[in-house]
Amino acid sequence: MAQRGGLFGWVPVCLGLGIAGYFALRFEPDLIVWLAVAALTVCLLVASRITPPFIQPVVLGLALVLGGAMLAKWQAVAVDAPVLSFRYYGPIEGRVVNIDRSASDAPRLTLDQVRMDRISPDRMPARVRISVHGDQPLALYMPGDVIMTTGHLSPPSGPAEPGGFDFQRHAFFDQLGAVGYTRTPVLRAELAGPSSFRQWIFAQRMAISRAVQAAMPGEPGAFAAAIMTGDRSGMGQATLQDLRASNLAHLLAISGLHMGLLTGFVFAVIRYGLALIPGIALRWPTKKIAAICAIVIGAFYLALSGGNVATERAFIMVSVMFVAILLDRRALTLRAVAMAAILVLFLHPEALLGPGFQMSFAATTALVVVFGQMRHVDMSRLPNWTRPVISVVISSFVAGLATAPIAAAHFNQIAHYGLIANVLSVPLMGALVMPAAVLAVCLAPFGLWEIGLWIMEKGLLWIMWVAHRVAALDGALSHVPTPSGIVLGVLTLGLLWLILWRGAARWGGVAFAALAFVLWANVERPALLIADSGSLIGLMTPEGRALSKPKGAGFVAGIWLENDGGPVPQDVAASRPGLNISGRTVRADIGEFAVVQVSGKTALADLSGCGGADVLISNQTVSDLRPCLVLDVPSLRRNGAVGMSVNASGDLQITSARDITGTRPWNAHAAPRPGEALVDLIKKGPQDAAPEPLVALGQ
């Protein structure tokens, strides 16, 4: 009974457990299973009405967990769209629905209403994304234009390693059925223009972004465009790296900080502006009028920014707060945070797995809890000017501390001087940059928005200077290995238990959090990693992971090294000892097992048998039987990247990405044939020639 007042906070937690459980499955339940789950959920809801009061929360919690799983399944069905099942080269035509930049700084176009050669309409991807190489600036492309080019497309790739980030799943929920590039000119087939409200908003967003960058050239203009419209396509990679290294990258994302600063500024200006008019202040509810205006401005900002999950979460959060003001309730509470989380999970259940959702709600929850406790602290003896300074320092410290484990788990890095950078930058963002942005928008109809942009530029120049200086400090950034999937779950549940539970038992959450860090500290990386193309392998050595080649497959190589917690240039990793490289043949030893990787048809043909190895890896199709385990292109494409390690018994364990993800809607286009696991796809020689002992996970 002591928990009655705080049970609402557990609603999004239970929904999240169900959603996470659905995504953790290694198989897709059939219709009969979902009907049974729905029936059980209804039974639990009915039972909650007749069970004793102390059991009701548990029964309702179980119903919410099952409801979360059904919610995730519903979303998967709703977004299901064709995915390209082969590598395509040929003509591509489509309408521009998004413009951004790739990690290599190439302009990138997302197209819908796609048309490609030799593909029937029922198999045509709903969307494709193309990186445009060559001298073709972003200004050439306009929202709504129908463009055509000739390019290479392939299905979205799976995890770069077993248990890694699943881009296939991410692309599936974005209805992105193919990705690729073009080196030929992109031609405008039709100047169609916006055909819907969403397209019109997108066109306005890009027009404002380009106008801002034209009026404010260089990185400050790109920064201003990013925080005003969400368009980061003008940001240079060097500035982005410095912002990440100084823990200021969150200033680019239109999230809680920007939405809160904007709507808070509008709320304050309207409320205090109306208070200056006695006739209105005495007769009208100025506080509620200001709250309604702030919600409207926030909705426009949400639409203009493109409506990504982080911005949507921020808008829901501030809307809940302003609605609380309309209802004469306290605005900033854990109940408001829980309501925002529930709404986001209903709209985008897949967002639960992303760093944006996790970091934004972690920071918001921590700030609400800490500042809620600070209400009981007497600060009246402190000078008035110190209170906002203390608030900024505390908020930066608390938000940074709350998000640091999540950022480290997803991005493998810790910014050690992030508190300093945030204390020097966040106040200026709130006191100067965002108000100047509002001023620029208000003056734009009169042709005077350069005044607001000039003020913004000064503030942004300071923020970028801070980012550059902090990032250049010795030890500004350190790296950590990627934890196992369970670590973040245990850590999150432990901290939520500490925050939401009432009574002495809440401190049990500390034990769970400590367990998560112990598991993280003892994480073991695979001894050998194999790319799903068969063209790159990486062996863990005392100096770090040694790669089989200094260039090529650079994206995969970078992910491996980052996940190891030791990102270095690929050529540096390729120079490490540990691999025996002779031409196109690479040999490695894992315990007592020998591995050979060959690249190209000639090297494969010249190899006698397996070259004395227990495992043969090739980026070609091995058509003949060989006296070892063979990982060739067909098996790797069906099962994904592979990790190898030697277990405590001395056996060689082979884990594929498919072993971790299973066969789900987002990777079914590349699924193995029924009943086939990794070891079944490996071509073996005569039984008496097979090496022993040899164990493969998934058998």
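# Close-up views of a predicted model

**View 1. Strand β1 and its partner β4.** Strand β1 (residues 88-101) pairs with strand β4 (residues 146-154) in the antiparallel sense, and eight bridges hold the register between them. Everything in these views comes from a predicted model, so please read each value as computed from predicted coordinates. A handy landmark for this pairing is Y89, which stands opposite H152 in β4.

**View 2. The β1-β2 hairpin.** Strand β1 also runs antiparallel to strand β2 (residues 107-116), again through eight bridges. Here I99 is the residue to look for, as it stands opposite L109 in β2. The two strands, β1 and β2, make a hairpin with five residues between them. If you check backbone torsions, stop at D105 in the turn, where phi is positive at about 75°.

**View 3. A salt bridge across the hairpin strands.** The side chains of R95 and D112 meet in a salt bridge at 2.7 Å, N to O. R95 belongs to strand β1 and D112 to strand β2, so this contact ties together parts that are 17 residues apart in sequence. Are these two charged residues buried or exposed? R95 counts as buried, because its relative accessibility of 11% falls under 20%. D112 is buried too, with a relative accessible area of 13%.

**View 4. More salt bridges.** The count for the structure comes to 11 salt bridges. One of them joins K73 and E28 at 2.9 Å, N to O. This pair links distant parts of the chain: K73 sits in helix α3 (residues 56-79), while E28 is in the loop between α1 and α2 (31-50), 45 residues away. K73 counts as buried at 17% relative accessibility, whereas E28 is partly exposed at 22%. Another salt bridge brings together R118 and D117, also with 2.9 Å from N to O. R118 is exposed, with a relative accessible area of 65%, and D117 is partly exposed at 36%. Elsewhere, E161, R525, R545 and D564 are joined into one network by salt bridges that share partners.

**View 5. Two tryptophans face to edge.** Among the 15 aromatic pairs found in the whole structure is the one formed by W10 and W497, an edge-to-face arrangement with 5.9 Å centre to centre and 70° between the planes. W10 lies in helix α1 (residues 10-24) and W497 in helix α17 (residues 485-500), so the pair ties together parts that are 487 residues apart in sequence. W10 counts as buried at 16% relative accessibility, and W497 is partly exposed at 30%.

**View 6. The aromatic cluster around F23.** F23 and F173 form an edge-to-face pair, with 5.7 Å between centres and 75° between planes. Their contact links helix α1, home of F23, to helix α4 (residues 167-173), home of F173, 150 residues apart. F23 is buried at 8% relative accessible area, and F173 is buried at 9%. Both phenylalanines belong to one aromatic cluster made of Y22, F23, W34, F172, F173 and W666. Which residue lies over the face of Y22? That is R664, at 4.7 Å from the ring centre.

**View 7. A nonpolar surface patch.** V389, V393, F397, L401 and L419 make a nonpolar surface patch of about 420 Å². Helix α14 (residues 386-411) supplies the largest share of the patch, four residues. V393 is found in that helix, α14, and is partly exposed with a relative accessible area of 33%.

How values were computed: Residues numbered from 1 in each chain as written. Predicted model: local features only at pLDDT ≥ 70, side-chain atom pairs only at ≥ 80, totals over all residues. Heavy atoms only, no water. Phe/Tyr/Trp six-rings, centres within 6.5 Å; stacked < 30°, edge-to-face > 60°. Buried < 20%, exposed > 50% of the residue type's maximum accessible area, 1.4 Å probe, protein only. Lys NZ or Arg CZ within 6 Å of the ring centre and 35° of its normal. Patch = residues over 30% accessible without salt bridge, like charges linked within 9 Å, V, L, I, M, F, W, Y side chains within 5 Å. Areas by Shrake-Rupley, 256 points an atom, 1.4 Å probe, with all protein chains shown as cover. Salt bridge = Lys/Arg side-chain N within 4 Å of Asp/Glu carboxyl O. Pairing = 2+ DSSP bridges.
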